[in-house]
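Colleague: I should like to go through this model with you and hear on what grounds each descriptive term is applied. Shall we begin?

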Amino acid sequence: MRPALFFGTRLGGPVKSFGKRSLVTPTRLAISYKTVAPRSPLSHTHSTFFSNCLNRPFPFAISNLSGRRFNNHVFILGVATQLFSTTTPALLPPLPLPQHPSTVNPTTAAMNGASSLTPAVRTKRKEPPHGLDARHPKHHRANGDLDTSGGENTPDRPDDSFIEPEYEEFDEKLAALLPAGPDTAEWQETIQRVVRNVVSIRFCQTCSFDTDPALTSEATGFVVDAERGYILTNRHVVGSGPFWGYCVFDNHEEVDAYPVYRDPVHDFGILKFDPKAIKYMPVEALQLRPDLAKVGIEIRVVGNDAGEKLSILSGVISRLDRNAPEYGEGYSDFNTCYYQASAAASGGSSGSPVVDIDGYAVALQAGGRSDGAATDYFLPLDRPLRALKCLQEGKPITRGDIQTQFVLKPFDECRRLGLTPEWEAQVRERFPKETNMLVAEIILPEGPSHKKIEEGDVLIKVNGEMLTQFIRLDDILDFSVGRIVKLLVLRGGDEVEVEVEVGDLHKITPDRFVSVAGGSFHELSYQQARLYGVACKGVYVCEAGGSWRFESSECGWLIQTVDHKKTPDLDTFIDVMKRIPDKSRVVVTYKHLRDLHTLNTTIIFVDRHWAKKMKLAVRNDETGLWDFTNLADPLPPIPPISTKATFIQLEHTSHPAVADLVRSFVHVQCTLPVKLDGFPKNRKWGMGLVVDADKGLVVISRAIVPYDLCDISITIADSIVVEGKLVFLHPLQNYAIIQYDPKLVEAPVLSAKLGTEQISQGASTYFIGYNRIGRIVHAATTVTESFAVTIPANSGAPRYRAVNFDAITVDTSLSGQCGSGVLVAQDGTVQALWLTYLGERSHSTHRDEEYHLGLATPTLLPVLKQIQEGIVPKLRMLPVELRAVQMLQARLMGVSEEWIEKVSVANTAHHQLFMVTKRTCERVEEEEAPALLEGDILLTLNGEMITRISDLDVMYANEFLDAVIVRDCQELKLKLPTVAADDVETNRAISFCGAIIHRPHHAVRQQISKLFSEVYVSARTRGSPAYQYGLAPTNFITHVNNKPTPDLESFLAAVVKIPDNTYFRMRAVTFDSVPWMVTMKKNEHYFPTVELIKDPKEETGWRRVTYEGGGKVVQGEGEDGVLPVPGDAGDMDVDV
């Protein structure tokens, strides 16, 4: 033990003696101390620490107590011994003197929670993986999570600024003063008993629900009933929605676990496992002893801290009376007190037992500070113990509430709110140790307490019983569900008695959700209503995807009306949605919980063809699963009819032909229900150019329409909306051609006239484009440059990018503001398309770069002519990426002076040749066939000099090309084979365990030198097995259970045979050629195996096949399964 000599000045307050050891309970205490060896002579004071501790035990054991009164002060002399044990004495560092109150920084300290800056609070889940721009190493287990620290939208909670800020500072100093050393033999024996009962929980919250996002994480729990297999953990671990997970015991035995109870309010939940599944160690239970939690007791937090299998953290309970911490806009506990200690726990310790030296669980680890402070918050075990007993006895766990949030406030603040001296005296006499009372903080509108209790009411009695603690209030309400309780409150000094009916908390906690048209919905929960102080009613969007992706994909929306029909509750919403046909456009009004003053209105396109079923999921506490049922199949779409419209007139243009071009512009929106090919977005829009009004042909950027598994909507004259279909995707030049039915359009649509001559540098032109808000802008300008450009490759997740093309830039600021447009001559001839080019992801902003450049129209003409003639273009191409090189570099690489002179004659504007910088990895390589290699300089193709990118167009129509190249300073003649471009697009995909798998698409083959298999992971879903076990995008799967899977057929055959909820092995290779083995557990209930096959016979162009348990094949959508939830917006975790 470490002794310390101290002097103290006490300004009132008792000194309590416990035999040979005593605790000082000061109201205001000045401590002077000096570290000495036992029995050493007294020394002078060398430091002073002032602590504003209101009836708070000082965490030192005191012996040899003596004192002397002088001028109303008591000087106490004794030897204080640390409550932490240590084997070697160490000097206690001097504590710094506190600042005068007038000099305290208002952002770091506050009196009674008055600070305008609420200290951040951290949760105990593991943090998400960092370095999103780097590929996952094979050993990295990427357990994703969300930062739930309080943000700028966190409501001001006075009590979360900490009623006594000095306590926080003191806890940190105490932790520094008392470093944890080796435990005593007694503690070591206790820890050995405890660790056998502590489990590491690996879990997935498989979809967004209420306050919980879809995620994969780790936490801790401990056995509280070994016979029945009950594990206690946190509610924010169990979650309020679908849960899938397992527990790992100390001896590394693993067992499945599922929730049997999650509290509607308090941060605890109970999991169940099969005790018989643990075969190699005896399973014991920790006894819950909430009565043993005392200020000053030494505790250990035993759990999965920072994701480690086992971590033991020391601490001392310093408070029993702090309000529940707020974690921002996610789940937060309330209407309970929390304990406080300095244990410095971190991610993964959620649900850890807080044990005393006798091995009893005295509290449950829940949260802590996120600003680096070593302060932790523990949940009292009174309510978990009651819930456990109810489960053990087979009784329902009743939970009552009056929809009022109370908080603890000290007597001085209660006096300001109206606590009279008479009542204060009675309360202090009845509860001599208490310093707080319960005060109403939030009263929900339309709730039982509405217009009966008001904010600031000080609670005195409930049913005639005086109380000051949450625990007793919970007891009364839980046993009074459906009954009337009488509350006596003080309101501004006046006594007010009210009668309030106690509601059932379980009824205002959602236990079902419906998924339709890509979104998920349930009724607004008490948690969300309390957080925003709104009435606990309404249809809440828990997953804003598909048709329901409004301004953003964030949650928090409340649906007000759909198709001009009010939707006050979930049943009404379901009834309205059943009656809306597929592909309808309906008006939806909605509000956000943060801004209920604003009614938003939008028009949505109802998608009931990609996800046809309207699924209702209902929680089943017997099985721990959510049971799915199909509520309704979609109604067939209403046949479209022709519509009339007129175009706007472009003003302030000096050339009528330019103004008429507005009749060639259409608005194109592309919605992608499944993400393929590494594309990072679910929805894109831009301006398309009508190139054939009679056939309804429109040209658009591939950054808008990347592949054909999509819905395309074309808006003409800002009035007519028609459905579009994809006709052609150019493999290299970043444009697509789509088509609509011109019979549905009664408007003077104009076919744009495309130029046949290349636009040159310095030429005057007219820029017309769509800006970021979809408005047409125009300006006269000049072509600044036309040059071969290289769009940077996206290293994290390869996706389509244009290669081997000439880009045009112009001298106008509008070019940077517009992602779609045209360059047009005075006679109305379109000289170039202005397109958006998708580039790399920025490492600094984690946003996708987009480049706005011009593409000359002559390159489109051969393809467009074939399509107009009804011919499907069959392009061929050289499988290489080229870069322009100047004559200096060409000379050094072996190009002769004769060829350099020919270049200067062939291209007077740009003296350049092209060098091969990258070869595309082909699926089938012909060993003997000649091919271009990196570093080759291309001179001619079929006898024509190649000095412009447009000269390469000869490759599109030839199976072989006669080439002259320079390689290693030698001139060579080769007969180069071209490759067909009709096999570069994805036509088949498999969704397996939350991963989207298909053949390596063209962008992958452009960036890799070797294909390890034809089974490529393109994306994954949050909360899925793929996310939990680390199967990452850009991985190639080569084997399943040691069986080779060189292609999708063999992979599918292998995985459908795997039984549900069993482990299997997959051998994978990263994009960087590193092989690794992943073990994964299959989950068919939430993540069934689904195959998507391109099929022109289907209405959508794609056919869905679902593989259910036992290899059962279902044509179409299966009964089970949650909506895919977007993955991380990082390079490695492309949204699904």
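**Terms and their grounds**

Colleague: Why is Trp-834 called buried?

Modeller: The relative accessible area of Trp-834 is 2%. Buried means under 20% relative accessible area, exposed over 50%, and partly exposed in between, with a 1.4 Å probe and protein chains only; Trp-834 is therefore buried. Please note that this is a predicted model, in which local features need pLDDT of at least 70 and side-chain atom pairs count only at pLDDT 80 or more, while totals for chains, interfaces and linings use all residues. Residues are numbered from 1 along each chain as its sequence is written, and side-chain values use heavy atoms, with hydrogens and water left out.

Colleague: Where does Trp-834 lie, and what does its side chain reach?

Modeller: Trp-834 belongs to strand β50, residues 830-841. Strands (E, at least two residues) and helices (H or I, at least four) are DSSP runs, numbered from the N terminus. The side chain of Trp-834 reaches the backbone oxygen of Cys-818 at 3.1 Å. A polar contact is a pair of N or O atoms within 3.5 Å; within protein, one must be able to donate a hydrogen and the other to accept it, and residues adjacent in sequence count only if both atoms are side-chain atoms. The 3.1 Å separation falls within that limit.

Colleague: Which residues have the most contacts inside the largest nonpolar core, and what makes a set of residues such a core?

Modeller: A nonpolar core is a set of buried Ala, Val, Leu, Ile, Met, Phe, Trp, Tyr and Cys residues joined through side-chain atoms within 4.5 Å. The largest has 62 residues, and Phe-665, Leu-689, Tyr-735, Ile-768 and Val-822 have the most contacts inside it. Strand β50 contributes the largest share of this core, four residues. Among the residues that Val-822 touches are Phe-665, Leu-689, Phe-767 and Trp-834, residues up to four places away in sequence not being counted; contact here means heavy atoms within 4.5 Å. Another core, of 41 residues, lies apart from it and includes Cys-993 and Val-1040.

Colleague: How many aromatic pairs are there, and why is the pair of Phe-550 and Tyr-590 called stacked?

Modeller: The structure holds 25 aromatic pairs. The ring centres of Phe-550 and Tyr-590 are 4.0 Å apart and their planes meet at 10 degrees. Rings of Phe, Tyr and Trp (its six-membered ring) pair if their centres lie within 6.5 Å; planes under 30 degrees apart count as stacked, over 60 as edge-to-face and the rest as tilted. Both values satisfy these limits, so the pair is stacked. It links distant parts of the chain, 40 residues apart: Phe-550 is in the loop between β31 and β32, and Tyr-590 in strand β34. Phe-550 has a relative accessible area of 11% and Tyr-590 one of 2%, so both count as buried.

Colleague: What makes the pair of Phe-767 and Trp-834 edge-to-face?

Modeller: Their centres are 5.5 Å apart and the angle between the planes is 85 degrees, which is over 60. Phe-767 lies in strand β46 and Trp-834 in strand β50, 67 residues apart.

Colleague: How do you know that Arg-530 and Glu-326 form a salt bridge?

Modeller: A salt bridge is a side-chain nitrogen of Lys or Arg within 4 Å of a carboxyl oxygen of Asp or Glu. The closest N and O atoms of Arg-530 and Glu-326 are 2.6 Å apart, which meets the limit. Arg-530 in helix α8 and Glu-326 in the loop between β16 and β17 are 204 residues apart. Both residues are buried. A search of the whole structure finds 52 salt bridges.

Colleague: Why are Arg-428 and Glu-424 separated by about one helical turn, and why is Arg-428 called partly exposed?

Modeller: The two are four residues apart in helix α6, which accounts for the separation. Their side chains meet in a salt bridge at 2.9 Å, N to O. Arg-428 has a relative accessible area of 37%, so it is partly exposed, whereas Glu-424, at 9%, counts as buried.

Colleague: What about the salt bridge of Asp-982 and Lys-874: are these residues buried or exposed?

Modeller: Both Asp-982 and Lys-874 are exposed. Their N to O distance of 3.9 Å falls within 4 Å.

Colleague: Lastly, what makes Arg-1020 lie over the face of Tyr-1027?

Modeller: A charge sits over a ring if NZ of Lys or CZ of Arg is within 6 Å of the ring centre and within 35 degrees of the ring normal. Arg-1020 lies over the face of Tyr-1027 at 4.2 Å from the ring centre, and Arg-386 over that of Phe-479 at 5.1 Å.
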